[in-house]
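Trainee: Please take a close look at one part of this structure, starting from a single residue, and explain its backbone and surroundings. After that, carry on to whatever else helps in reading the rest.

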Amino acid sequence: MLEEALRLARAQRAQAEADLVELASIPSVSSLQAHRDDCRRAAGWLAGRFRRLGLKTELVDVRPDGHPVLVGEWMGRKGRPTLTIYGHYDVQPADPLSEWVSPPFEPSRRDGFLYARGASDNKGQHLAAVKAVEYGLAAGGPPLNLRFLFEGEEEISGPSLGRFVRAHRRRLHTDYLFIGDGDFVAPGRPCLVTGMRGLLYTEIEATGAAADLHSGL
């Protein structure tokens, strides 16, 4: 199965790149209200790909003012482990625009690379996983069950995914979790991260003297 999946990946590389260009062209900036519909469009684009693959697909609005959580499942291996693949379809604002060589939402190929906002955080990574599943299914199906769990609030630390997971924790039980949102320590040398830390944002205000003081004071 693996060799056939790899053969399909090589043969359909041009289409995979075209899909990435299409997805990266959607300005799904989660922090800006003006792009709220674009965030939903990106989620809908991915949901459409899931349905084409025969995955059981849900697009869930967890909060009235949030961005939807997307779930796609293929449970074709009863009794086998489940792998959950995480991704986020939202992106950071592209400011400052003057620093971009090409428009951030008009993907440009240069020197073998694709440049666009979100191409490497995180649309490129999770689309690679979607395409891998596509080729795996076409080659006879993977040896375990699969679930995609995508959100649209990663860049704004939004609560929708946390609420969704807590509300559906039994149904979302998984044996393995893959997050393709890491770094390369050098060209051609990706990191394999086996643990994640959380983030804590704080703002500290300090009030000092109105005039210079001796350091001992």
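Mentor: S157 sits in the loop between strand 6 (145-151) and helix 5 (160-167). Here helices (H or I, at least four residues) and strands (E, at least two) are DSSP runs, numbered from the N terminus. The model is a predicted one, in which local features need pLDDT of at least 70 and side-chain atom pairs count only at pLDDT 80 or more, while totals for chains, interfaces and linings use all residues. Residues are numbered from 1 along each chain as its sequence is written, and side-chain values use heavy atoms, with hydrogens and water left out.

The phi of S157 is near 50°, a positive value in a residue other than glycine. Most residues other than glycine have a negative phi, and most peptide bonds are trans. S157 has a relative accessible area of 54% and is therefore exposed. The cut-offs are under 20% relative accessible area for buried, over 50% for exposed, and partly exposed in between, with a 1.4 Å probe and protein chains only.

D111 is another entry under positive phi: its value is about 55°, although D111 is not a glycine. D111 lies in the loop between strand 4 and strand 5. Its relative accessibility is 76%, so D111 counts as exposed.

Two cis peptide bonds also belong in a look at the backbone. The bond from D95 to P96 is cis, with omega near -5°, and P96 is in the loop between strand 3 (82-88) and strand 4 (108-110). A cis bond also joins D121 and N122, with omega about 10°. N122 is placed in the loop between strand 5 (113-115) and helix 4 (123-138).

Helix 4 leads to the packing of helices. Helix 2 (residues 13-24) packs with helix 4 at an angle of about 140°, and their axes are 10 Å apart. The axes are lines fitted to C-alpha atoms, for helices over the stretch in contact, and angles run from 0 to 180 degrees between N-to-C directions. The two helices are therefore oblique to each other; under 35 degrees would count as roughly parallel, over 145 as roughly antiparallel, 65 to 115 as roughly perpendicular, and the rest is oblique. Helix 2 passes helix 4 in a right-handed crossing, meaning that the near helix is turned clockwise from the far one by less than a right angle, whereas anticlockwise would be left-handed.

Next come the charged contacts. The structure holds 14 salt bridges, each a side-chain nitrogen of Lys or Arg within 4 Å of a carboxyl oxygen of Asp or Glu. In one of them, E17 pairs with R109, and the closest N and O atoms are 4.0 Å apart. E17 is in helix 2 and R109 in strand 4, so this pair ties together parts that are 92 residues apart in sequence. E17 is partly exposed at 32% relative accessibility, and R109 is exposed, with a relative accessible area of 54%.

Helix 2 also takes part in a salt bridge between R49 and E22, at 3.7 Å from N to O. R49 lies in helix 3 (residues 36-52) and E22 in helix 2, so the parts tied together are 27 residues apart in sequence. R49 counts as buried at 13% relative accessibility, while E22 is partly exposed at 40%.

Within helix 4, the side chains of E134 and K131 meet in a salt bridge of 2.9 Å, N to O. Both residues lie in that helix, three residues apart, which is about one turn of the helix. E134 counts as partly exposed at 23% relative accessibility, and K131 as buried at 7%. E22, R49, K131 and E134 belong, together with D19, to one network of salt bridges.

Two remaining places are of another kind. G72, in strand 2 (residues 69-74), is buried, with a relative accessible area of 0%. G72 and E58 are 14 residues apart in sequence, and their C-alpha atoms are 6.5 Å apart in space. On the surface, L177, I179, V193 and M196 make a nonpolar patch of about 410 Å². Of these, V193 is in the segment after strand 9 (189-190). Patches are made of residues with over 30% relative accessible area and no salt bridge, with like charges joined within 9 Å and nonpolar side chains (Val, Leu, Ile, Met, Phe, Trp, Tyr) within 5 Å. Accessible areas come from the Shrake-Rupley method with a 1.4 Å probe, and for residues only the protein chains shown count as cover.
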